[in-house]
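Got your viewer open? Let's take a walk through this structure, one selection at a time.

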Amino acid sequence: MVLNTHGFSRRSVLGAFAAAAIPSGVAAQFGGGGNDVETVRLSRIGRYATGEALGGAEIVAFHAPRNRLFVVNSGAGQVEVLDLSDPTAPTQAGVLNASDLVGSESDVVSSVGGTNSVDVNGTLVAAAIEADPATEDGAVAFYDPSSLEFVNAVSVGPLPDKVTIGPDGNYVVVANEGEPGDSTDPAGSVSVIDVSRGARNADVSTATFEAFDGQEAALREEGVHLVSPGDGEAVASAVIEPEFVTVAPDSERAFVSIQENNAIATVDLASATVERIDGLGFKDFSLPGSELDTSDADASSLQNWPIRGMYQPDAIDAYEVGGDTFVVTANEGDAKDFEVSVLKNLDLDPAGFDLSENPYVDGVEELKRPENLGNMEVNEAAMAEFADGPNGYTDIYAIGGRSFSVWQVEDDGLRLAFDSGSRFERTFAEQYPEGHLNVVESGPETESAELGVVGDRTFAFVGQEVGSGIATYDVTSPESPEYTQMVVNRDYSVSEDDLAAAAEENPDGDDPARAGDFAPEGVHFVPASESPIRNPLLCVGFEISGTVGVFEVTPVTGAN
């Protein structure tokens, strides 16, 4: 669907899309090489440990001229700068401190909170920094990527999350999440920073969602999730919380994931306005290929169930094929505390569920048993919003899609071109059975995603927060991506709770990275043309373990 400031229109249902070859300009943009690549293989060649668990390494961005990797270390409140001249042995080359924003150099915020995101191009580093408290306006700070000197800072909206520099370098775009505090709930927004005249002359414009106030019913009709705590009516501009930003290859539009609201916004950069909001609708877990494991049993139990899932993407990326634009989404799922319930505690309307052909259960009470769906966390607020029947809820709404998707950008909305279905859970169950037991409750929580071109093929690199895997898909044909590989470096006998408890009890104790790499928060592709070695790299920030993994992306050709 599409909603815009001029009115409401339904998405049209189009026929099958015949994917064309990737234009050479797109390959050049990503630094592609020869044209005989069949697939790629990932292998970890380098690793760096920050020593900080629970936020030690999150978003990462690479500066090719100096072979530097900028890593958000929110646990330490800084951006670490790593020397990747030898990617097998990353070392710290410097630190960017958010404290530069206070005192004599800048007064854009009175008190600095955490650093949430970083991006870099050839001449500029941009870091998104929240205020303290986070409900006040935050900032984007600019640094010189070579000297690491502070250049300038500008004020943006509350809780700036993902910051992205557009391909042409003229705009820096940041999603201001605007999460509520104890007594204040600021509005979410998207700040567009014009740096075409240099960072010292940066000019900020902020796109809000006020134009969609009053269109809440139409938004909900197409699967946009809009709720507020208590009995108050949800107002679009007050409850929309932008999460992640990618800029289209033409540098004219930004696509912004609105995770908790199950939607993607399109922002026109020249005018800094939200053109439209596209609801992503719901994934049907009752269909073949979309099985999921919800059982508390100690064995794999991938089955179809009468569940609908909101996609609720975190990271997104965009690419072009044959003149058409596609958006790749990591369908993590997220919900506020007041939205979440355990299914066994809820009333289900028997009339809402046709279980006559279900091989596992005969009625809704059996459905709610722990060995089936009973212990599953669901979004009760969504169930009340979309499926509140006379004798209980008539549909079950899961949190997230447990997958990644490819969406075609059309004139009147987004069309789902592909979804990975149950591939991630099935891979964990078959290859990493101990890891699969970690993902039953909420799924693998697909969080990070980035595209890269190798040869004449485009690949998506997709991180799973809970399972700690990184999956590779060939998405050259957006309608029929092909799974390539899942890589994991983690000791599943050590849980995230174990790491958290150890860090809290003894913050100066053993290296939290000893149990491997937990929770890939940010992935960044380095094309061969920018890599310090002959092949591309994939740099990954692992949030929970506080580690950075450097992977070599090796092309596999027909000759191999």
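Strands here are DSSP runs of E at least two residues long, numbered from the N terminus. Keep in mind that the model is predicted.

With that in hand, select Pro133, which sits in the loop between β9 and β10 (137–143). Now add Asp132: the peptide bond joining Asp132 to Pro133 is cis, with omega at about 10°. Most peptide bonds are trans.

Next, color the strands around that loop. β8, β9, β10 and β11 line up in that order as an open sheet of four strands, with antiparallel pairing. Look at the edges: β8 and β11 (150–158) each pair on one side only. Neighbouring strands in this sheet are turned against each other by 25° on average, ignoring direction. Zoom in on β8 and its partner β9 (residues 125–131), and you'll find an antiparallel pairing over six bridges. For a spot to click on, try Thr115, which stands opposite Ile129 in β9.

β8 also leads to the next stop, the second largest pocket, which holds about 940 Å³ of space. Which residues come closest to its centre? Select Asp119, Val120, Ile165, Glu450 and His524, the closest of the 42 that line this pocket. Among the elements that give two or more residues to the lining are α1 (24–30), β8 (112–120), β12 (160–165) and β31 (446–454). β35 gives the most, with six residues. Color the lining by class and you get 25 nonpolar, eleven polar and six charged residues.

Now for an enclosed space. There is one cavity of 30 Å³ or more, and the largest cavity has about 40 Å³ of space. To see its walls, select Ser468, Ile470, Val487, Val488, Asn489, Asp517, Phe542 and Phe551. That lining splits into five nonpolar, two polar and one charged residues.

Finish with two backbone oddities. Most residues other than glycine have a negative phi. Go to Gln312, in the loop between β21 (308–310) and β22: its phi is positive, near 45°. Is Gln312 buried or exposed? Gln312 counts as buried because its relative accessibility is 0%, and the cut-off for buried is under 20%.

Then jump to Arg402, in the loop between β28 (397–399) and β29 (403–410). Arg402 has a positive phi too, near 55°. With a relative accessible area of 4%, Arg402 is buried as well.

Terms used
Residues numbered from 1 in each chain as written. Predicted model: local features only at pLDDT ≥ 70, side-chain atom pairs only at ≥ 80, totals over all residues. Heavy atoms only, no water. 1 Å grid on protein atoms, 1.4 Å probe; cavity = no way out; pocket = protein on both sides within 12 Å on 5 of 7 lines; lining within 4 Å. Points joined across faces, edges and corners; volume = space filled by probe spheres on them. Nonpolar A, V, L, I, M, F, W, Y, C, P; charged D, E, K, R; others polar. Pairing = 2+ DSSP bridges. Axes fitted to C-alpha atoms, helices over the stretch in contact; angles between N-to-C directions. Buried < 20%, exposed > 50% of the residue type's maximum accessible area, 1.4 Å probe, protein only.
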